[in-house]
Structures are given as structure tokens and as C-alpha cells.
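Some labels used for protein structures rest on cut-offs. The questions below ask what stands behind each label.

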Amino acid sequence: MTAPAPQQVSVADEVRAARAAFDSGRTRALSWRVDQLLALETMLKERAAEFEQALLHDLGRKPIDGYMTDVHSVLAESAHVRKNLKKWTRDRKVRTPLTIGPGRSVVHRQPLGTVLIIAPWNYPLHLALIPLIGALAAGNTVVLKPSELTPRCSAVLADLLPRYLDADAVKVVQGDVEAATELLNEKFDHIFFTGNETVGKVVMAAAAKTLTPVTLELGGKSPVWVDDTFPVEKAADWIAWGKCTNLGQTCVAPDYVLTTPDVQPRLVAALRESIHRLYGDDPRSNPDYSRIVNERHTARLIGLLDSGTVALGGDHDLADRYVEPTVLVDVPLDAPVMREEIFGPILPIVTVENLGEAVAAIRRNDHPLAAYAFTTSADAQATLVNDLSSGSLTINAVMVQLGISDLPFGGVGPSGMGSYHGEQSIRTFSHERSIFHRRNASDVLLRMARPPFTERGEKRIRR
Ligand code: NAD
């Protein structure tokens, strides 16, 4: 007789188990939280090769690339949060007005409960595990839904997380939109979503039904301003690196460049050099150059190539999911490539007369997730700080702001709501509970503030 197939655990069962783990109370102890982070770090150190192979399989990313973006960065974040956790979860004393005291008023960070994390495919470990670090460090239990577009990475997470962490407190649900929809029908205490704007709206609408708070980490068109005060070769090196890392499939990748007509030809020449230094004559056969995640996205990118004049690159192969690093010039502001997040290795350059025009052009789109500028002009820097809104602003570099754990990471408006990393993750995954403990038994305040209001009493209050 063959043994019966193991009973498949339902989404509802997984959520119930995670909630029961929270209700057990054990996740509130600082020691449990620290243990979870230590276990996560052990997992990453012992299983780095498995994670790197999964990234190679799903996204064609070289192991050292995967190590830097999805293993080491998570290790660094976990260690930073763990070392500061006691300080960040300590009650914060605030002033108690004399008229209300004496007493002690504190802000107490309390875990929210059971949190749903929905992650995308482009950094499938980083964008699943960094929110997980915040949620666990704040004392929550978690249901994690990784992306179906990176199945090997999702399977490794589903296999390893329960082996290293508290298996009832961290549940991994694999699957596509159907699984995500089922999860969104469950009740959570917070939903943390990373992905595109359209799905962000679906998540927020589902959360609204139960008034569940959300953090939405979305995307958008992140502009780069380049002016003639900054060495153009250095700007090109940064931009080429940012645009080609993970083939531009990075939420904070430089999306397009705004510069003046005199800088443009020098910038194109410098980009040619920078890209050549990265990938040589034939990026296609260079193992350091990965591939677009799937055919649908490759076809979408190929469709954007005629939005301007190809100044550099332009080669592509749908079946191989290959798009060469490409620079487009003569790009009108209303060209298709300027109307959607590119999320690929295509860099449009738009020329404007000055920074004022550049700011106006950026404002035509939604507030970006990131804004970048290569300029040494203090006036230009001040304009970018004061006249633009974006999730972040980075001057004279791209993308590395993400590695500064004490800077909150998140968007504004349609590029997202809420933020995380470092202490901000603890804020995001905690309820800041107000606790006032009045010290003595005197009831003068109460007697003054309650009826009957005599003439004498009223005078005292007004005084
Ligand atoms: P996506 O929105 O398609 O998918 C993300 C997750 O949502 C996946 O787990 C997927 O299964 C799930 N999902 C898909 N459709 C759903 C639905 N109808 N209901 C519920 N869940 C659903 O995102 P993506 O295409 O994988 O990622 C690319 C986008 O994400 C880009 O816009 C990029 O800028 C953005 N992004 C933002 C950040 C950030 O930190 N702000 C990071 C990475 C990516």
C-alpha cells in the first residue's frame, strides 16, 4: 500500500500558525529577537553558496555579484540592527507638563503582531530578508511571499528559513498571484509590499478592507542631473555601473539623464568608455553581463529602443533575453521611454538648457524613488534639495545610499509610502505606544477640570 500524500498546508493554516507563535508571547523577548537575527546570519554564512547558485539560476547573476547584493548586504544589515536593538527598543521618555504630572511619560515600541511581506524578483533575497530582519527585530512573526519569477531563490528561502529560524514564527508561502491574493484575504497586522505601482494599488485596496496598515516600496523614474562642474568621465562611470548592475533591474537604478547640449556629446563618449571597461567589446558573451528576467520584460525593453536615436549599443535578442547596454539621445520628454519606469539597460539622455528646465522635466513625472545629480555647484545642490521631492537624493554617486543603513529607504507619493532600514525598520514594524504613569494620588487636576464649574474654579483654570 502506498503511503498517503502529505497533507498540503493551506495559506490559512500558515497564517494561523504564525499568529499563534505571536500570541505565545515569546517574540517579545529581546533575547528571542537577537537569536533570530543571529540564526539568520548563520544561515547566510553557512549557505551562501546555495543562495548564490539560486541567483545564478534565476537571474544569471555571477556568484560574487549575488554575494555582494543579496548575501553580504543582508548580513551587514542584520548585524547593525542586532547591535543596536537594545537601544532602539528602549522606552523613550518624553516631558510631562507640570499641570498634568507628576508622572512618567514614555513612548514604548511594541510589536504589531503578524506581518505579511510580499517580495519582488529583482533582488529576491535582499528584498525578502531585509524587511524580515526589521519585522523580527521588532518582535513580530512573519508570513513571507517571495516572487514566483525567481523560483529557485524562493525554494531556497522556503527550505532554509524554517531550518534556522523559529519555524512557527516565520512562514514562507511560495506561489504566484493566486497565492498572493489568498494571503491578502487573510487578516494581518501590517503588510509590507515591494513591487510595482499597479500591484501596490491592489495590495492597498485589499488592506483597506480590514484597515491594515501598509508599507509600499514601489518604483518610478529616477533622474540623473549632470552639469559641467563635475568631471564627466567620473559621472559616466557611476551612471554606467548603476544602469548595468542587474541590467538596470534595480528600483533605484538611474532611469534617465538630464543634461545640457554641450555636456551631452562628452557624456556619451565617456559612457562608451565606461561601458567598454565593464563588459568589453561584446557584453553578450561576457559572463559578468546577466540577462533580463523573462521574455515579456525583454520584449517591453526592445519596444522602447526606438524612443530616440541610438548613440550606443542597441543590440538585442528576445530568445536570449539579451539587451545590450544602450544610450539613446534626441529623446523627447513624451517618448514612450520617458513615460514608464525602464527597469533595463537603456539610458535615455534628454537635453535641457539649465537646471530649472531639468527640475520642470522631472516634475512632469511622479515623485521619483531616487534622484541623482553630478554637480559641484552649491546652488544646484540647494535647488535639488529644496525644489524637488523624491524618496532620496544622492549627489555625486548613484545607488550606494541604500547601503547607509541609518538612512530611511522608501519612496514618496506613487514611488511608495513608508520606509525601512536600520532603526526605521523598527519604527515601521512597531506600534509606538504612549504610556503615561501618573505618580501620586493627588486629584487637584481632576477636581479642577470637571463640573460643576464654579465661577472661582473657572477663574483658576483660565489663569
Ligand atoms: P510585482 O509587483 O510584479 O511583484 C511583486 C510581488 O507581488 C510578487 O511576489 C508577486 O507575486 C506579487 N503580485 C503580483 N501580482 C499581484 C497581485 N495582483 N496581487 C497581489 N500580489 C501580486 O513587482 P515586480 O515586477 O516583481 O518588481 C518590479 C517593480 O518593483 C518595479 O517597479 C520596481 O521599481 C519595484 N521595486 C521597488 C523596490 C523598492 O524597494 N522600492 C525594490 C524592488 C523593486
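Q: Which residues are closest to the ligand, and how many surround the ligand in this predicted model?
A: The ligand is surrounded by 27 residues, and the closest are Trp121, Lys145, Glu148, Leu218 and Glu341.

Q: What makes the approach of Trp121 to an oxygen atom of the ligand a polar contact?
A: A polar side-chain atom of Trp121 lies 2.8 Å from that oxygen atom. The cut-off for a pair of N or O atoms is 3.5 Å, so the pair counts as a polar contact.

Q: Which backbone atoms lie at such distances from the ligand?
A: A backbone N or O atom of Ala119 is 2.7 Å from an oxygen atom of the ligand. A polar backbone atom of Leu218 is 2.6 Å from a nitrogen atom of the ligand. The protein buries 91% of the 840 Å² that the ligand exposes when taken alone.

Q: Why is His190 called buried?
A: His190 has a relative accessible area of 5%. Buried means under 20%, so His190 is buried. His190 is found in strand S6, residues 190-194. Among the residues it touches are Leu112, Val115, Pro213 and Phe429. Its side chain also makes a polar contact with the side chain of Thr215, at 2.7 Å.

Q: Why does Val444 count as partly exposed?
A: The relative accessibility of Val444 is 37%. Partly exposed lies between 20% and 50%, so Val444 gets that label. Val444 is found in helix H15, residues 444-449.

Q: Which residues form a nonpolar patch on the surface with Val444?
A: Met448, Phe453 and Ile461 form the patch with Val444, with about 330 Å² of accessible area together.

Technical notes. Residues numbered from 1 in each chain as written. Predicted model: local features only at pLDDT ≥ 70, side-chain atom pairs only at ≥ 80, totals over all residues. Heavy atoms only, no water. Patch = residues over 30% accessible without salt bridge, like charges linked within 9 Å, V, L, I, M, F, W, Y side chains within 5 Å. Areas by Shrake-Rupley, 256 points an atom, 1.4 Å probe, with all protein chains shown as cover. Salt bridge = Lys/Arg side-chain N within 4 Å of Asp/Glu carboxyl O. Helix = DSSP H or I, 4+ residues; strand = E, 2+ residues; numbered from the N terminus. Buried < 20%, exposed > 50% of the residue type's maximum accessible area, 1.4 Å probe, protein only. Near = heavy atom within 4 Å. Polar contact = N/O pair within 3.5 Å; in protein donor to acceptor, adjacent residues only side chain to side chain. Contact = heavy atoms within 4.5 Å. Lists of a residue's contacts leave out its neighbours within four places in sequence.
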